[in-house]
2 protein chains.
Amino acid sequence: MAENVKTLHPSRTHFGVTAATRYATLIGDYGTSDFVLRRGGRLPEVTMAYESWGELSPNNDNAILIFTGLSASAHAASSVANPDPGWWEFMIGPGKAIDTDRFYVICVNALGGCFGSTGPSSINPATGKPYGGDFPELTIEDMAKAGHHLLHELGIDHLHAVIGPSMGGMVALAYALQYPDEFDYLISISAATRALPFTIAMRSLQREIIRCDPKWNEGYYDPDDEPQSGMLLARKLGLVSYRAAEEWHQRFDRARVKKERRKGEPFEIEFEVESYLDYNAHKFVGNFDANSYLYLSRAMDWFDVAEHGGSVNAGLARIHIKKALIIGVTTDILFPIEQQKEIAEGLIKAGRNVEFQSIDSINGHDAFLVDRDHFSPIITDFFAA
Amino acid sequence: MAENVKTLHPSRTHFGVTAATRYATLIGDYGTSDFVLRRGGRLPEVTMAYESWGELSPNNDNAILIFTGLSASAHAASSVANPDPGWWEFMIGPGKAIDTDRFYVICVNALGGCFGSTGPSSINPATGKPYGGDFPELTIEDMAKAGHHLLHELGIDHLHAVIGPSMGGMVALAYALQYPDEFDYLISISAATRALPFTIAMRSLQREIIRCDPKWNEGYYDPDDEPQSGMLLARKLGLVSYRAAEEWHQRFDRARVKKERRKGEPFEIEFEVESYLDYNAHKFVGNFDANSYLYLSRAMDWFDVAEHGGSVNAGLARIHIKKALIIGVTTDILFPIEQQKEIAEGLIKAGRNVEFQSIDSINGHDAFLVDRDHFSPIITDFFAA
């Protein structure tokens, strides 16, 4: 049971870990404590950070597992232990679309992340120092496996549903590929069966920007002197890809920042859209580990459902579920709507029961985080059916 | 006459200047040699680099002026003096869409550029050193004015047509706003009346990447030790915005670079799309001045037709031409097709004769450079009418 697992996490805790965060140390593979990764690397121990809401039913049949996007922590919703709003506050709670009066909801920080789960900023037991560039190559499948093993630790053999937006949607697909008989319902939001070149280019460029910051130092940076300049620029580029041009046109048009907020430096921030990017990127930098960013970002580029069966559709045909809800957003340039259709059509072709929702939101890839009016009813109805 | 103007250009010449490049020193404003810029700065002398093809008619009525995109030189087409293919080789020449048997075609390197025209890399006569960060604030309107003054030097009072793709299209619009009675036909390709926030964000981020390179040094860098790391990353981001996701999907999909081309470094290039960006960005870096990039890029963000009359449509109503050809590309994310429609509709609303062409090319913003099959017939027909 979740309440019994309170291993102290061995790594740094300054990234978004709160009183609501719980930890579980996973059991390793092959009778050792080693957690074996898809590309051959090993982690001598893996701790997973998670939060939960609601109560597990006596039959253990009401659990929902949520995988997050790249930058989110396990704090998806507020709780008594942490009353701060979570990243999906409008979605999760009593009487909400993901109803914690009905479901036992677990959100995990991804393996490789920096919000309590084992990642590059964790202490490597072999050296007593952060893994940094020694962290093994990480895949989406490894994140799914770590989430699965966490459930095992929590005594949950079967899930009601697995839900994932963005990177979390890829992890949810990987979960379905690896544990096809262990859950009933799949909700994939703005995900992809594999990254296409435009998206690879956007992410590769973010990684290269960080790597070009001399402070990155091949991944072996001082935790107190991180590559913040590179992280700031990379996050800005990420933000550009998360929103839709039309939203910014409506919000900012060509509005200028007030004169008193300008410093008179050459080429400084002048337009409100530049100020928006700067403000939001600064909020991120210092609260996210640069190596975690690199590892999670690359894992998304690597993920390819076709590796599970020879083709995307052969992979999707391996997914056995009662029903899937596939949601996409028409203005998403990073995980475009065509890629959501591909998931839905592949599952339908395999004979699965699929609900496909194309949301005409102006919020682009980030719509699931902000467009409550579009998202809440769809997920409410899915679980009500 | 063009042939009589051969002022030696005072600045560095290692950027793309060839035997075909000609120079003209412009006459200044207010009876001085000073060229006064729109935002108040002054240049004590301005030299414009250009190339030309064809012969000026005895009546001086067959001249066409071409303004370029950000990164192009005046070498738009090959010639006896420089047989290398130009950046618009398929478009300009005897019997081609812009027919040099019929027209006297002039292509100018933009004021502020680095291919022979006065720009930040030119020698500041006051100091004997490159302007660098001392180059005055530059606008699209200044580029139009410099092109106009060049024609005056060449003895051409009236143009048959002004043509501009991308940034050059903005300059062509600025030319039409400032010299409405001095030419007959306007061809604007993938341009904009003003930059919208997504485009500003993409360009601002490129500028910030360059500025974050310590070698930029506020613009006062050693010409032999330029901020190449920043330029490389900025150019990659530019390239991402110049092409369409679908083109890359078709060209690269998820193809990997061959193992023997990999170095085994962490996070190195793995996908062909990354290799494409790297190859093309390296071709650019070392052949373009970082400060020129910053000044031209910012000028595009600043340009706003609404400054010429109070609104975009009031500005467009000031443009007096016999006919305009407005071309856009459906997959262009940087200068989207809606912005081409806006130009066309504004001119139509003002009673102008307008041909609007929406090209369904997969080449995105760069289509005018590569999609001969779509572009050549449209421009051929326009000049044949």
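Modeller: Let's start with a rule we will need: two residues are in contact if their C-beta atoms, placed from the backbone, lie within 7 Å. This is a predicted model, in which local features need pLDDT of at least 70 and side-chain atom pairs count only at pLDDT 80 or more, while totals for chains, interfaces and linings use all residues. Residues are numbered from 1 along each chain as its sequence is written, and chains are lettered from A and ligands numbered from 1 in the order in which they are written.

Biologist: Thanks! What makes something a helix or a strand here?

Modeller: Both are DSSP runs, numbered from the N terminus: helices are runs of H or I with at least four residues, and strands are runs of E with at least two. Helix H2 (residues 167-178) of chain A is one example, and it lies across strand S5 (63-67), S11 and S12 of chain A.

Biologist: And how do you know at what angle H2(A) runs to S11(A)?

Modeller: Axes are lines fitted to C-alpha atoms, for helices over the stretch in contact, and angles run from 0 to 180 degrees between N-to-C directions. Measuring conventions aside, the value for H2(A) against S11(A) is about 145°. Helix H9 (residues 337-349) of chain A lies across S12, strand S13 (323-329) and S14 of chain A, running at about 165° to S13(A).

Biologist: What is the order of the strands in the open sheet of chain A?

Modeller: The order is S1-S4-S8-S5-S11-S12-S13-S14, which makes 8 strands with mixed pairing. Strand S1 (22-25) and strand S14 (354-359) of chain A have a single partner strand each, so one side of each is left without a neighbour in the sheet, and they stand at the edges. From one strand to the next, the twist averages 20°.

Biologist: How do you know that S11(A) and S12(A) are paired?

Modeller: Two strands pair if DSSP finds at least two bridges between them. Strand S11 (residues 159-165) and strand S12 (residues 183-189) of chain A are joined by 6 bridges and run parallel, so they pass that test. Along this pair, A:Pro165 stands opposite A:Ile189 in S12(A).

Biologist: Now the helices. Why is H1(A) called roughly perpendicular to H2(A)?

Modeller: Two packed helices are described by the angle between their axes and the distance between the axes. For helix H1 (residues 140-153) of chain A and H2(A), the axes come within 8 Å and cross at roughly 70°. That angle makes H1(A) roughly perpendicular to H2(A), because 65 to 115 degrees counts as roughly perpendicular, under 35 as roughly parallel, over 145 as roughly antiparallel and the rest as oblique.

Biologist: Which residues make that contact of H1(A) and H2(A)?

Modeller: H1(A) brings A:Ile140, A:Glu141, A:Met143, A:Ala144, A:Lys145, A:Gly147 and A:His148, and H2(A) brings A:Met170, A:Val171, A:Ala174, A:Tyr175 and A:Gln178. They divide into 7 nonpolar, 3 polar and 2 charged. Here Ala, Val, Leu, Ile, Met, Phe, Trp, Tyr, Cys and Pro count as nonpolar, Asp, Glu, Lys and Arg as charged, and the others, Gly among them, as polar.

Biologist: At what angle do H3(B) and H4(B) pack, and what is that arrangement called?

Modeller: Helix H3 (residues 197-212) and helix H4 (residues 228-242) of chain B pack at about 165°, with their axes 7 Å apart. An angle of this kind makes H3(B) roughly antiparallel to H4(B). Their crossing is right-handed: the near helix is turned clockwise from the far one by less than a right angle, whereas anticlockwise would be left-handed. Among the residues in this contact are B:Met202 and B:Leu205 of H3(B) and B:Leu233 and B:Leu237 of H4(B). By class, the contact has 9 nonpolar, 4 polar and no charged residues.

Biologist: How do you know how the two copies are related?

Modeller: Copies are superposed by least squares on the C-alpha atoms of residues with pLDDT of at least 70 in both. A rotation of 180° with 0.0 Å of shift along its axis brings chain B onto chain A, with RMSD 0.0 Å. The two copies are thus related as by a two-fold rotation axis. Both use the same surface, since 100% of the contact residues of chain B recur in chain A.

Biologist: How many residues does the contact take from each chain?

Modeller: It takes 38 from chain B and 38 from chain A. On the chain B side, H3, H4, helix H5 (245-251), helix H6 (272-284) and helix H7 (290-302) each supply at least two residues. H3(B) gives the largest share, 12 residues. The side of chain B that touches chain A divides into 21 nonpolar, 5 polar and 12 charged residues.
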